[in-house]
Amino acid sequence: MFDIAIIGGGPAGYIAAEKAGKNGLKVILFEKKDLGGVCLNEGCIPTKTLLYSAKLYDNARKSEKYGVRTENVELDYKKMFDRKTKVIRKLVAGVGLKMKNANVLIVKGEATIQGKNAENAIVIAANEEKYEARNLLICTGSETFIPPIAGLDLSTNDTLVTNREILALKEMPESLVIIGGGVIGMEFASLYNSLGSEVHVVEMMPEILGALDTEISAMLRAQYTKKGVRFHLSCKVTKVEGNQVTFITSDGEERAISGSRILVSVGRRPITFGFGLETLGVELYRGGIKVDEKMCTNVPGVYAAGDVTGFSLLAHTAVREAEVVINNLCGTNDTMHYNAIPGIVYTNPEVAGVGLTEAEALAQGLEVDIAKLPMAYAGRFVAENEGGEGVCKVVLDRLSHRVLGVHMLGNPCSEIIYGACIAIEQGMTIDQLERVVFPHPTVSEIVKECIATI
């Protein structure tokens, strides 16, 4: 009998398994593919590895403006992708070592829930064996959503790719049409634009990166327009034929564009089917598993964390949700908060944001003050981003002076945003934040410079 069984070895699953094992629980982890899940194998890590190579390529070609003369800069597409594979293997092995050190039993194979037995233990079958556990944590993650558009069938059209297939391409596409201008779509737009492909982004909404601050999204789009990416906003895709995407513009005009590859990137959906979830009577909500603030489902002893809840499809959210589950199982009262979940887009330049956007705060009826400065107010940003544009925007509650949100465009804001996460999570006011000593010279000083304008 196991204390906890975990289905899914992605960020939520393996973090929960490690933490539970180190706390003395008897743990079994089921994973049908590779440890690390989509994030490590098909998402976060491989894309960031490739994007870093692309950034180096960009910098090498533009190094003369920094006083460094380079000649005959070449791109080795195969070596880039070989390195990506090497990084994944190294990190997957690292996760495996963590599981071993935490005494976690790993079962590689498809797990199927068979309900509860007479002793009220949860029964799970895998590889023709049955296992019993007192508690179950479901971390089955999410999959690419393929919208019901005519001709959008990956099984019959090898021009079509998702984030999985595009990471396995042997040759760089001369042109790429991306259906969807969200985070994944924009990161691939950034990557292939840097590598030299002709890139089109077709987005149904009036702006890219719909969940982020619209002003910053528009600024990023403007920068990529200058780089040659062609955006088709407020356009609804109606059909895909071979390598051609047909869409209707906001004016009602039908247009079509072609690409040597078409990337489908309109979002992801929780995986709640195919593993016997229905045998437990777990309640669903908006396509995901419904949970409370302790990540409990409606079935005692059954928990869910990560993308399968359908709430925040981000690896770092999944990790924290997993921690909440295990902390409570081990006797420490813990609850999940979603007010300070950062969102990052690893384009070049990067976008990072946490907390409420200006539009969200106003929609909630809050009275807000907005502090905003160009990133050039930070000396180190100027030193390291010749000709680069960026902005820092802080959303403040006018009455309490609490920090409600921080949103940035400019490198390396992905490494800065955690400070804003702490400020929002802890309910810090601008007076408290002003007393914090920021290191100089760093780009992070822009946050302090920003709030000093209020």
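Student: Which helices each supply at least two residues of the lining of the second largest pocket?
Tutor: In this predicted model, the second largest pocket holds about 660 Å³ of space, and 22 residues line it, with Asn59, Tyr66, Asn348, Asn385 and Asn411 the closest to its centre. The helices that each give at least two residues to that lining are H3, helix H7 (214–226) and helix H10 (379–384).

Student: Which helix gives the most to the lining of the second largest pocket, and with how many residues?
Tutor: By class, the lining of this pocket has 4 nonpolar, 8 polar and 10 charged residues. The helix that gives the most to the lining of the second largest pocket is H3, with 3 residues.

Student: Is Thr47 buried or exposed?
Tutor: Thr47 belongs to helix H3, which covers residues 44–61, and, leaving out residues up to four places away in sequence, Thr47 touches Leu167, Glu187 and Phe188. The relative accessible area of Thr47 is 7%, and because buried means under 20%, the residue is classed as buried.

Student: Which backbone oxygen does the side chain of Thr47 reach?
Tutor: Thr47 lies in helix H3 (residues 44–61), and the polar contact made by its side chain has a distance of 2.6 Å. The partner at that distance is the backbone oxygen of Gly43.

Student: Where is Asn157 found, and which backbone oxygen does its side chain reach?
Tutor: Asn157 sits in the loop between strand S7 (142–144) and strand S8 (160–161), and at 9% relative accessibility it counts as buried. A polar atom of the Asn157 side chain lies 3.0 Å from the backbone nitrogen of Thr159. Apart from neighbours within four places in sequence, Asn157 is in contact with Gly151, Val240 and Gly242, and the backbone oxygen that its side chain reaches, at 2.8 Å, is that of Gly242.

Student: How many Å apart in space are Ala423 and Arg402, C-alpha to C-alpha?
Tutor: Ala423 has its place in helix H11 (residues 417–425), where, at 1% relative accessibility, it counts as buried. Not counting residues up to four places away in sequence, Ala423 touches Met428 and Leu433. Arg402 is 21 residues from Ala423 in sequence, while in space the C-alpha to C-alpha separation is 8.7 Å.

Student: What volume does the largest cavity have?
Tutor: The structure holds 1 cavity of 30 Å³ or more, and the lining of the largest cavity includes Thr144, Asn163, Val264 and Arg268. That lining divides into 3 nonpolar, 5 polar and 1 charged residues. The volume of the largest cavity is about 40 Å³.

Student: What radius of gyration does the protein chain have, and why does that agree with a compact globule?
Tutor: The C-alpha trace of the protein chain spans about 70 × 60 × 45 Å along its principal axes. A compact globule of 454 residues would have a radius of gyration near 22 Å, so the value for this chain agrees with that expectation, being 23 Å.

Student: Among contacts between residues at least 6 apart in sequence, what percentage join residues at least 24 apart?
Tutor: The protein chain has 13 helices and 24 strands, and 51% of its 454 residues count as buried. Among the contacts that you ask about, the share joining residues at least 24 apart is 62%.

Notes: Residues are numbered from 1 along each chain as its sequence is written. This is a predicted model: local features need pLDDT of at least 70, side-chain atom pairs count only at pLDDT 80 or more; totals for chains, interfaces and linings use all residues. Side-chain values use heavy atoms; hydrogens and water are left out. Helices (H or I, at least four residues) and strands (E, at least two) are DSSP runs, numbered from the N terminus. Buried means under 20% relative accessible area, exposed over 50%, partly exposed in between (1.4 Å probe, protein chains only). A polar contact is a pair of N or O atoms within 3.5 Å; within protein, one must be able to donate a hydrogen and the other to accept it, and residues adjacent in sequence count only if both atoms are side-chain atoms. Contact means heavy atoms within 4.5 Å. On a 1 Å grid over the protein atoms alone, a cavity is a set of points where a 1.4 Å probe fits but cannot get out, and a pocket is an open set with protein on both sides within 12 Å along at least five of seven lines; lining residues have an atom within 4 Å of a point. Grid points are joined across faces, edges and corners, and a volume is the space filled by probe spheres set on the points. Ala, Val, Leu, Ile, Met, Phe, Trp, Tyr, Cys and Pro count as nonpolar, Asp, Glu, Lys and Arg as charged, and the others, Gly among them, as polar. The radius of gyration is taken over C-alpha atoms; the globule rule is 2.2 Å times the number of residues to the power 0.38.
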